[in-house]
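Visitor: Could you take me through the pockets of this protein, with a close look at what forms the walls of the second largest one? I am in my first year, so please go step by step.

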Amino acid sequence: MRVKLQLVICHDEGHEETVTDVITLNKNHQRIEHLGLTLAESKQLLSTLQRHLLQQQVATFLDARSTCPDCGTPLKLKAHGSRSLRTLFGTLKVYSPRLEHCDCTRRKTASFRPLSALLTEPVAPELLYM
């Protein structure tokens, strides 16, 4: 038997959906050890699901902060970068751009990383709790 698991993300603002194949398992059913998920399969499933979900959440967060909050002008990209986040399911790297502030309002800095407001720690709270 072949089992295919997909992640479907429905966005709040509309009916857009993102469908991602998470894992495809070929499962036998002839012996008791073939039944259900193995530990390796469950670890792979959770790790892959965590990675896709985290990337989508970060992308949505960054999209909401890619325009100037004062005038609505799209902010210019100054540099590419990434951040690491340690979670219960492994360490994941996420895209973290450096954006230039708009000239419409005077700011203390010329550029900023919007993701720094979300990722205040390099470790997820669940991992700290454990």
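Guide: In this predicted model, the second largest pocket takes at least two residues of its lining from strand S1, which covers 2–10, and at least two from helix H1. Of these contributors, H1 gives the most, with five residues. If you want to find the walls in the structure in front of you, look for Ile9, Cys10, His11, Asp12 and Glu13, and then for Leu53, Gln56, Gln57, Thr60 and Asp63, which together line this pocket. Sorted by chemical character, the residues of this lining divide into three that are nonpolar, four that are polar and three that are charged. The space that lies in this second largest pocket comes to about 200 Å³.

It helps to set this beside the largest pocket, whose volume is about 380 Å³. There, 17 residues form the lining, and the closest to the centre of the pocket are Leu54, Leu85, Ala124, Pro125 and Glu126. Helix H1, spanning 39–64, appears again, since at least two residues of the lining come from each of H1, strand S4 (82–87) and helix H3 (125–129). The largest share of this lining is also supplied by H1, again with five residues. As for the character of the walls, the lining of the largest pocket holds 11 nonpolar residues, four polar ones and two charged ones. Helix H1 is therefore a useful element to follow with your eye, as it supplies residues to the lining of the largest pocket and to that of the second largest pocket.

Notes
Residues numbered from 1 in each chain as written. Predicted model: local features only at pLDDT ≥ 70, side-chain atom pairs only at ≥ 80, totals over all residues. Heavy atoms only, no water. 1 Å grid on protein atoms, 1.4 Å probe; cavity = no way out; pocket = protein on both sides within 12 Å on 5 of 7 lines; lining within 4 Å. Points joined across faces, edges and corners; volume = space filled by probe spheres on them. Helix = DSSP H or I, 4+ residues; strand = E, 2+ residues; numbered from the N terminus. Nonpolar A, V, L, I, M, F, W, Y, C, P; charged D, E, K, R; others polar.
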